[in-house]
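Let's take a walk through a protein together. Have a look at the sequence and the 3D picture below, and then we'll go through them step by step.

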Amino acid sequence: QWYQRRVTGTELDIIFQLRFKIYVGDSRLVLGVKVVRAVQSSTGSYGVPERAVDGNTNGDFWGNSCSCTARSTQNWWVGYLERKASVHRIVIYNRVDCCPDRIDGAQVFVGHHLCGTIWYQAGVSVYTMQCGGAVSDHFMVWHNNGHVRRYLTLCEVQVIARMG
C-alpha cells in the first residue's frame, strides 16, 4: 500500500500528516508506531504521564491534558514505542497558563542520544528538538534541576519518525 513504501526528505512530513489524519489525530501514532506506554518519575496534581500523548496540545494545565511530576530535583518522563523507529524530531508543547519557565534546561533523548536541551524563551510554547534519525524504541524528557526542586510539566509530546 502507498503508506508502506520507503520515503525520504520532505515526503516524510507529508506522509506523517496523512497518516495522522487517517488515525483521527491520535498523536500516539508515529508513522504506524504507537506509544504503548508512558511513565514518569512521580505524579503531581493528577498529571498522569499518559496526558502528554493524548493528542491534545492544550497548554492549560487545568484542561486535563498535561502530565506533571511532583516537585523534585530530578524529574523524567519516558514514552515507549511499540517498536524501534528512526526519530527525526520531537515536538514538546509547554504549559502556558502558569510557570512556563519550569521547562528551562530539560533535555530530550531518543534512547541514549541527546537531541538537545530546551532553553525557555518568553512567549514560546512549542519547542522542537532535532534528533537526526536516532533509532530507539523509547524517548525521554529529563530535567536535572541541581538543588532546586521543580515540576516537569508536558502538555503534549509528538514524535516525527519513520520505521527503523
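Before we start, one term: a residue is called buried when its relative accessible area is under 20%, exposed when that value is over 50%, and partly exposed in between. Keep in mind as well that this is a predicted model.

Let's try the term out on Ser67, which sits in strand S3 (residues 67-68). Its relative accessibility is 1%, so Ser67 counts as buried. And what surrounds Ser67? Leaving aside neighbours within four places in sequence, its contacts include Gln40, Gly47, Val48, Pro49, Phe61, Trp77 and Leu154. Hold on to Phe61 and Trp77, as both names come back later.

Now zoom out. The protein chain has one helix and nine strands. Following the sequence, you meet the helix and then the strands, in the pattern α-β-β-β-β-β-β-β-β-β. Of the 164 residues in the chain, 44% are buried. How far apart in sequence are the residues that touch? Take the contacts between residues at least 6 apart: 72% of them join residues at least 24 apart. As for the outside, the accessible surface of the chain comes to about 8,300 Å², and 51% of that belongs to carbon and sulfur atoms.

Next, let's look at how two strands can team up. Strand S5 (residues 107-110) and strand S6 (residues 113-117) pair in the antiparallel sense, over four bridges. One of the pairings links Val110 to its bridge partner His113 in S6. S5 and S6 form a hairpin with two residues between them, and Gly111 in that turn has a positive phi of about 60 degrees.

What about the inside? In soluble globular proteins, nonpolar side chains tend to be buried together. Here, the largest nonpolar core has 27 residues, and Trp77, Ile90, Phe139 and Leu154 are the ones with the most contacts inside it. Several strands chip in: S2 (33-40), S4, S5, S7 (126-144) and S9 (156-163) each supply at least two residues of this core. Apart from it lies another core, of six residues, among them Phe61, Val91, Tyr93 and Cys155. Back in the largest core, Ile90 is a good one to click on. Beyond its neighbours within four places in sequence, Ile90 is in contact with Val108, Phe109 and Val110, and also with Tyr127, Met129, Phe139 and Val157, among others.

Finally, on to the charged side chains. Side chains of opposite charge can pair when their charged atoms come close. How many salt bridges are there in this model? The count comes to two. One of them joins the side chains of Glu82 and Arg83, at 3.6 Å from N to O. Glu82 has a relative accessibility of 38%, so it counts as partly exposed, and Arg83 is partly exposed too, with a relative accessible area of 38%.

Another salt bridge joins the side chains of Arg95 and Asp97, at 2.8 Å from N to O. Is Arg95 buried or exposed? With a relative accessible area of 8%, Arg95 is buried, whereas Asp97, at 34%, counts as partly exposed. You'll find Arg95 in the loop between strand S4 (74-93) and S5. Not counting residues up to four places away in sequence, Arg95 touches Gly59, Phe61, Trp62, Pro100, Arg102, Thr153 and Cys155. Phe61 and Cys155 are among the members of that six-residue core, while Phe61 also turned up beside Ser67 in its list of contacts.

How values were computed:
Residues are numbered from 1 along each chain as its sequence is written. This is a predicted model: local features need pLDDT of at least 70, side-chain atom pairs count only at pLDDT 80 or more; totals for chains, interfaces and linings use all residues. Side-chain values use heavy atoms; hydrogens and water are left out. Buried means under 20% relative accessible area, exposed over 50%, partly exposed in between (1.4 Å probe, protein chains only). Contact means heavy atoms within 4.5 Å. Accessible areas come from the Shrake-Rupley method with a 1.4 Å probe; for residues, only the protein chains shown count as cover. A salt bridge is a side-chain nitrogen of Lys or Arg within 4 Å of a carboxyl oxygen of Asp or Glu. Two strands pair if DSSP finds at least two bridges between them. A nonpolar core is a set of buried Ala, Val, Leu, Ile, Met, Phe, Trp, Tyr and Cys residues joined through side-chain atoms within 4.5 Å.
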